[in-house]
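Hi,

Here is the model I said I'd pass on. Have a look at it first, and my notes follow underneath.

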Amino acid sequence: MEYLTAAQQQWTAFTARFPLETKEPVWTPENVPAVSVLFVFNRAANGTTSMEVDSLAAQALLLFAGYPHIVKDCHEHDQSPSGQLPYLLTTKGKALAGREIIDEVMDQIPGFGSHLKSTEKADSFAISSLAESKLHFGLLYDLWYSPQNSLKVAFPQYSHDRPWPLKEVLPRIRRWEQMDWMLKHHVTIDKEEILDDVKVALSAYAVQLDQKQYLFGSKPTLADATLFAYLHILLSTFNTAAGSHSHARDIIMRHDNLVQYARRIWGSWFTERIE
Amino acid sequence: MAADNNVYSRPVRISSVRFEGIKNTSEQLLAVYSAPLLDTPSKMPFGHAAMLAHSQADTLFRLGIFKHVDVELDSQRVGDVDVVFKVAEVSRLYAKTGTELGNNEGSMTAAVKIRNAFGNAESFEANVSYGVETDAALYETKPFTSQLGSSFQFLFSKPWNGNPDKMLNVNAFKQNKSMSMYSSYSEQISGLAAKFKVLDLYLGATHELGYEGSWRRLFDLGSTASWTVRKDAGHSLKSALTYSAILDRRDDPILPTRGIYLRSLLFWILVVKEGAGLGGDVRHLKGDAEGQLSLPLGGGFSITTSLRSGILWTLGLRQSRVNDRFHLGGPTSVRGFLQNGIGPKDGNDIVGGDMFAAAGISLFAPLPYLADKPIKFHFFANAGNMIKLDDNRDIKAASRTLLSSFSTAVGLGLAVRFSILRLEINYCLPVSVTRTDSVKPGLQFGVGLHFA
């Protein structure tokens, strides 16, 4: 047994010498970015705002908070950790998506939104939820449910940079996914019900905004980023493609303060293309 | 003997060709085999006629639509010979299910095949498989991670002009595979392929020319995927001409002791303008070649050497995509390293390479008292290196970098030949490695059909 133990020890000592040589790799990956990069769904050519609401809301949030970043266009939702754009590549090499982007901004810019009182913070949360539940449905209905709008407005956005036949297939898959989402959240797609919800939401926003610069005073908040994204997408997307029409846009136009608000934010914060 | 010689040299004429036992096979296909016999000279030696008839019978059998093909030469009149092919057709419908287990993987498969569908030896086949691959051998008791994969394929094949050595294959496929064990993504591939395969029995060579169009999607990245993988996520379309050539003159493809094996594969991704031609947004030329030489040394000893290399050259200013690159390393590739364990890495993600080179030498020795059994001692030394080209478009500089250092390993063990695969059990010692290599010192199992 002693011989066996000694032999085993000698063998272990011998094999421990291997590998005899360890070299540095020839190829090294790219360094982490020096400044955080926000990947958003494609902006229009020479435009400054993304054509998707979640991406535009993230753009607005980072600008409002003063979070140092650059913006890059991306048309692949699969690049995002959550499977949906936008995503933020931080200087630590982490990829963040969805709620993680908001948490990152709040962590890095603790003063953002600090001017809100506790009741205003609760109202801000409720108002953001209003957009995500009621305005979102209105946007999806106008953009994807209507065959005319989806063909003239949505499909060109999602077929850009794609080779044939993907440029025909992928927008239709995207439409199916959006319709599926709508049907999972509403048993039936009732146009009147959806537009009534949009009216209720926009009326509440118009009342909250009144004649103020932003929803909660003179400084923008997360709720402003969310509202601006929906207003801007609905106001700007449907006024170029001939034959397209947005019912939600018509409702927004009845609230002059909301229209001016959207124009003001766009004119103040999105004058330059950040990249 | 003299009488036998007289029989085989007697001049005869093939006056008729008959097929017995035919139910579903078409006259058109049978005419392909009868016509050459009827077109023979009016007087030729009987032995020659018999050889021709048996040759046609062999070829007919290789169509795969007959259980057996027997040939009789009948003579009703002096100088005339009637050739009779006696066949039994296989059943048209064929179904198969099975499970396959390897060292680190298991899969279930099911297939349905319709043979001789229209009477011209065409076949339609649909098969589906579902597999699990683990990062630890299934015999080990430690916890393991796993990745799933599934595939579905529909295949149509037809011999060209009734010739089984020239096959036209068209298939539609869909494959889902998880690369979570090597890299942080899953891939879904849907596509169509059409290939024309020519078999040269005399040389032992196979040529295959084809077209493949596939829609690929890289997804399911999660938050920990590296940037090198993340930037390739999403959809891409590959439209490619392919050509492969294989020359296999080994005595045994699974555990050879003598012979040569040469293989090359070339992808030419069609370059077209956006929105025109055959589409696709992947632009590259990809080729790889492999050679193996086995030499007997006498007394049951043999030596096998192998050499492999490949290059993926992107066209224009594009970089290659992670799902197009090469991978290197593993028990059937470069022993002493984990599967895909050699080459560029970004964090925990194996990202593949654009150029690789690998070589190996193996000595097989008979076991005492088991010299006639298909189990051998195995001593090996192998090496490999893989690089990513990125913006480096200087092929000479890249080649110098590739050949400047190799990851190497040596070892010994056993190689066992089974009817359909080879099993190797080796003790590996990595000698020279790169810091990012996934090394496998100690015992390593390898199961497969083809080993480097």
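First, a word on angles: those under 35 degrees count as roughly parallel, over 145 as roughly antiparallel, 65 to 115 as roughly perpendicular, and the rest as oblique. This is a predicted model, where local features need pLDDT of at least 70 and side-chain atom pairs count only at pLDDT 80 or more, while totals for chains, interfaces and linings use all residues. Residues are numbered from 1 along each chain as its sequence is written, chains are lettered from A and ligands numbered from 1 in the order in which they are written, and side-chain values use heavy atoms, with hydrogens and water left out.

Let's start with chain A. How do α8(A) and α10(A) pack? Their axes are 10 Å apart and make an angle of about 100° (axes are lines fitted to C-alpha atoms, for helices over the stretch in contact, and angles run from 0 to 180 degrees between N-to-C directions). The two helices, α8(A) and α10(A), are therefore roughly perpendicular to each other. Among the residues making the contact are Leu227(A) and Phe228(A) from α8(A), and Leu258(A) and Ile265(A) from α10(A) (contact means heavy atoms within 4.5 Å).

Helix α10(A) covers residues 256-269 (helices, H or I, have at least four residues and strands, E, at least two; both are DSSP runs, numbered from the N terminus). Its buried residues include Asn257(A), Tyr261(A) and Ala262(A) (buried means under 20% relative accessible area, exposed over 50%, partly exposed in between, with a 1.4 Å probe and protein chains only). The cover over the buried residues of α10(A) includes α2, α7, α8 and α9 of chain A.

Now chain B. It has five helices and 22 strands, and 48% of its 452 residues count as buried. The C-alpha trace of chain B spans about 85 × 65 × 45 Å along its principal axes.

One thing to look for there is an open, mixed sheet of four strands, in the order β2-β1-β4-β3 (chain B) (two strands pair if DSSP finds at least two bridges between them). Its edge strands are β2 and β3 of chain B, each pairing on one side only. β1(B) and β2(B) pair in the antiparallel sense over two bridges, and Val12(B) has Met44(B) in β2(B) as its bridge partner. Helix α2 of chain B packs on the sheet, touching β1 and β4 of chain B, and its direction makes about 170° with that of β1(B). Helix α3 of chain B lies across β1, β2, β3 and β4 of chain B, running at about 165° to β3(B).

Cheers

Methods: Expected span 1.5 Å × (residues − 1).
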